[in-house]
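Me: I am new to this structure. Please take a close look at one part, the loops with unusual backbone geometry, and set that part in its wider context.

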Amino acid sequence: MRQTILKLLSEQDTYISGQELSERLGVSRTAIWKHISALKEKGYEIESIPNKGYRLLNTPNRLIPEEILRNLKTTTLGKKIVFFEEIDSTNTQAKESALDYPEGTIFLAEAQTKGRGRLGRSWSSIPGKGIWCSVLLKPSLDPTFAGQFPLLTAVAIAETFHNLGVDAKIKWPNDLLVDGKKICGILTEMGAELDRINYLVIGFGINVKHKLEDFPKEIRTIATSLEMVLKKEVDRVQLLCDILLKLEKYYFQLLKEGFEPIRKLWKEYTCTLGHEVKISRFNELPLFGKALDLNPDGSLLFELPDGQIINVHSGEIGL
Ligand code: BT5
């Protein structure tokens, strides 16, 4: 209901009367008035003049579901939004209720108190500055395909950044860097049986409005934000809507055509291939060698100093 009221208000430059709204929505004028009051409380500036009606003056510059749904052009992703002003971690929430929500649901928070990175690392997620979002997907695929999803997400986000004029590079497997500093991290988690994915939760954290001093001291030298790079304001709502649209496009493409088109795009955006790198691995000795190619399954083709070629499925790259 509120979404429709907002749509009608934003389509019109002039006033729209309470009577007209109540007729078009089939509810009483008191109900309309209550919805308008609730919207004002959320930060919408709505002028109401007796005998004239309502007029939308300003929308809140916040990442709230009403604003996202007003701008979203997807068919599936983001059509259902679970929003928290503050939560431990959107990935944790998405995983806990994955079976209760449909594919495409997004879990979104203005702040995370226990934002998570990979392998138990933490993700700094201060209020109002970033996009802290988890997308729930339920592809009918074998779990061996799961590794393609963070790569696909990195491509969708890198491409959106490029359209904004930000030259972001993907560090294998899925960190996004600008001038060597991390601007976005992706954490993909899965619920699966041996031969079937039940759900995937793709969490991405994007630093948007941070100034240098907004980052905790320990990551100030390694982190950056879109506004630090662009030196102008970035609209988080529009950015999230653009990312979801691209993510949806590539997700459907992956289901239809397989990974190859995404792999090609990933290779265009990466800064890893062709370089001598060190790969730190969980519970194993680090590897030194040359990153040769991205394999069709998302693993890295890697040449060791003795010329041996191996596939690396997971790890952390230091350039
Ligand atoms: C990641 O882990 O990069 C994945 C981050 C995913 C965050 C999203 S936010 C929405 C969803 N809900 C969650 O709880 N998580 C996801 P990893 O590659 O392990 O990188 C973690 C490392 O990045 C940390 O150890 C820090 O060094 C650094 N770091 C932490 N916060 C950062 C930030 N805001 N910007 C840049 N670097 C950061």
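Reply: What follows starts with the loops and then moves out to the whole protein.

This is a predicted model. A general point comes first. Most residues other than glycine have a negative phi, and most peptide bonds are trans. Three loops deserve a look against that background.

Start with Asn 51. This residue sits in the loop between strand S1 (45–49) and strand S2 (53–58). Asn 51 is not a glycine, yet its phi is positive, at about 70°. Is Asn 51 buried or exposed? Asn 51 is exposed, because its relative accessible area is 85% and the cut-off for exposed is over 50%.

Now go to Asn 283. Its loop runs between strand S10 (276–281) and strand S11 (284–294). Here too a residue other than glycine has a positive phi, near 65° for Asn 283. Asn 283 has a relative accessible area of 71%, so Asn 283 counts as exposed.

The third loop holds a peptide bond to check. Which two residues does the cis peptide bond join? They are Trp 172 and Pro 173, with omega at about 0°. Pro 173 lies in the loop between strand S6 (169–171) and strand S7 (175–178).

Next, the wider context. The protein contains 14 strands, along with nine helices. Its radius of gyration is 22 Å, and the globule rule gives 20 Å for 319 residues; the two values are close, so the protein is as compact as a globular protein of that length. Along the principal axes, the C-alpha atoms fill a box of roughly 85 × 45 × 30 Å.

How do contacts spread along the chain? Take the contacts with a separation of 6 or more. Residues 24 or more positions apart make up 60% of them.

Then consider burial and surface. Asn 51 and Asn 283 are exposed, whereas 50% of the 319 residues count as buried. The protein exposes about 15,400 Å². Carbon and sulfur atoms supply 50% of that area.

Charges come next. There are 42 positive side chains and 42 negative ones. The centres of these two sets lie 3 Å apart.

Last, the aromatic rings. The count comes to three aromatic pairs. Which residues do ring pairs link into a cluster? The cluster holds Phe 149, Tyr 251 and Phe 252.

To return to the loops: look for Asn 51 after strand S1, Pro 173 after strand S6 and Asn 283 after strand S10.

Notes:
Residues are numbered from 1 along each chain as its sequence is written. This is a predicted model: local features need pLDDT of at least 70, side-chain atom pairs count only at pLDDT 80 or more; totals for chains, interfaces and linings use all residues. Side-chain values use heavy atoms; hydrogens and water are left out. Helices (H or I, at least four residues) and strands (E, at least two) are DSSP runs, numbered from the N terminus. The radius of gyration is taken over C-alpha atoms; the globule rule is 2.2 Å times the number of residues to the power 0.38. Buried means under 20% relative accessible area, exposed over 50%, partly exposed in between (1.4 Å probe, protein chains only). Contact means heavy atoms within 4.5 Å. Accessible areas come from the Shrake-Rupley method with a 1.4 Å probe; for residues, only the protein chains shown count as cover. Lys and Arg count as positive and Asp and Glu as negative; His and the chain ends are not counted. The place of a charge is taken as NZ of Lys, CZ of Arg, CG of Asp or CD of Glu. Rings of Phe, Tyr and Trp (its six-membered ring) pair if their centres lie within 6.5 Å; planes under 30 degrees apart count as stacked, over 60 as edge-to-face and the rest as tilted.
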